[in-house]
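Morning, everyone. Please have the structure open on your screens while I talk.

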Number of protein chains: 2
Amino acid sequence: MAEFDLNALDEVIHGKLRLGLMAFLSGVDHASFAELKAQTGASDGNLSVHLRKLEEAGYVLVEKSFIGRKPHTTAKLTAEGRKAWIDYLDQLKRLLGP
Amino acid sequence: MAEFDLNALDEVIHGKLRLGLMAFLSGVDHASFAELKAQTGASDGNLSVHLRKLEEAGYVLVEKSFIGRKPHTTAKLTAEGRKAWIDYLDQLKRLLGP
DNA sequence: TTCTGATACTTTATTTTTTAAAGTACTTGG
DNA sequence: CCAAGTACTTTAAAAAATAAAGTATCAGAA
C-alpha cells in the first residue's frame, strides 16, 4: 500500500508564490516587502495576501515599522517556518523519487 | 534582477494531486484508474477531474475500453507529458537551490 | 505650491482551482 | 433477487489565487 503520500505536502507552502517566498526567505536572514516583490515578481496585492498567510501559519514573522512616515515591512522565517520548509523539501524529494 | 522565476513552474503539473499523478506515471508505462486512485489516495471524483486536465493539457493519454461490460481506463504519459515533467523538475531544482 | 508619478502597502471583488457530493452503470457474492 | 462494491462522470460547493481599486506618503517638476 505504499502510496504517494500527497497529504504530507504542506498546503501552505505548496502554493507557487508562497513556495517562492519560502525558498527565498530560507536563504536570507530577512527581506523587505520590496525585495520579496522583486524576487518573486508578484504584484503588491498578491504579496500582501500570501505573506499574511505565511504569517498566520506561523512560518514567517512580519515586522512593520516606519522609515520616516513610510511603512516598512520585513519578513523572516520563524523556527517553525524553517522546520516546515525542511519537512516540505523532504516530502518533495520522497515524492519525486530516486 | 535574477528572480525566482515562479512562472516557469508548470501550473498544470504543480497542483498536488496532478503532481502525484505525474510522478507516479513517470515511473511506469501505464496505470489504471484504480491504481492511480490507490497510489494517490484521491477520491474518484478528484481523480476523474484531474486526469482530464492532464489529458486536456496533452500530458497523458487516457484510453477507455471495456473489460467485459465494465469500463476500464488506463493512463500513460505522452511524449509531451514526459518532457513537461522533466522541465518541471528542472525548474523546481533551480528554484529550491543548490 | 501644486500637480504628477512613484513607493508601500491593504482591502475587496472577480476568477480560477480544488474538493466534495451525488449520480449512473454494471458486477459479484450471498 | 438484493446488497454491496467497482468504475467512473457530472454538478455543486468551498477554497485559493489573481487582479483591481483604494489609502497614505514622498519626491521631483512646473
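I will go through the chains, then the two DNA strands, then one pocket.

First, the ground rules. This is a predicted model, where local features need pLDDT of at least 70, side-chain atom pairs count only at pLDDT 80 or more, and totals for chains, interfaces and linings use all residues. Residues are numbered from 1 along each chain as its sequence is written, chains are lettered from A and ligands numbered from 1 in the order in which they are written, and side-chain values use heavy atoms, with hydrogens and water left out.

Start with chain A. Its secondary structure is five helices and three strands. These are DSSP runs, numbered from the N terminus: helices are H or I with at least four residues, strands are E with at least two. From the N terminus on, the order is α-α-β-α-α-β-β-α. The C-alpha trace of chain A spans about 60 × 25 × 20 Å along its principal axes.

Now the pair. Two copies of a chain are related by a rotation about an axis and a shift along it. Here, a rotation of 180 degrees with 0.0 Å of shift puts chain B on chain A, with an RMSD of 0.1 Å. That is the relation of a two-fold axis. Both copies use the same surface: 100% of the contact residues of chain B recur in chain A. Contact means heavy atoms within 4.5 Å. The superposition is by least squares on the C-alpha atoms of residues with pLDDT of at least 70 in both.

On to the DNA. A residue is near a strand if one of its heavy atoms lies within 4 Å of it. A polar contact is a pair of N or O atoms within 3.5 Å.

Take strand C. Which residues come nearest to DNA strand C? Of the 20 around the strand, they are Asp44(A), Ser48(A), Lys64(A), Arg18(B) and Arg69(B). Asp44(A) has a polar side-chain atom 3.1 Å from a base nitrogen of strand C. Arg52(A) puts a polar side-chain atom 2.7 Å from a phosphate oxygen. Pro71(A) uses a polar backbone atom, 3.2 Å from a sugar or linking oxygen. Two or more residues each come from helix H3 (33-40), H4 and strand E3 (70-77) of chain A, and from H4 of chain B. H4(B) gives the largest share, five residues. Of the strand C atoms within 4 Å of the protein, 66% belong to sugar or phosphate, the rest to bases.

By class, the surface near strand C has four nonpolar, eight polar and eight charged residues. Ala, Val, Leu, Ile, Met, Phe, Trp, Tyr, Cys and Pro count as nonpolar; Asp, Glu, Lys and Arg as charged; the others, Gly among them, as polar.

Now strand D. It has 19 residues around it, and the nearest are Arg18(A), Arg69(A), Asp44(B), Ser48(B) and Lys64(B). A polar side-chain atom of Lys64(B) lies 2.6 Å from a phosphate oxygen of strand D. For Thr73(B), a backbone N or O atom is 2.6 Å from a phosphate oxygen. For Arg69(A), a polar backbone atom is 3.0 Å from one. The surface near strand D has three nonpolar, eight polar and eight charged residues.

Last, the second largest pocket. How is its lining divided by class? One residue is nonpolar, four are polar and five are charged. Both chains contribute, with Glu11(A), His14(A), Glu11(B) and His14(B) among the lining residues. H2(A) supplies the largest share, three residues.

That is the tour. Thanks for listening.

Note on methods. 1 Å grid on protein atoms, 1.4 Å probe; cavity = no way out; pocket = protein on both sides within 12 Å on 5 of 7 lines; lining within 4 Å. Polar contact = N/O pair within 3.5 Å; in protein donor to acceptor, adjacent residues only side chain to side chain.
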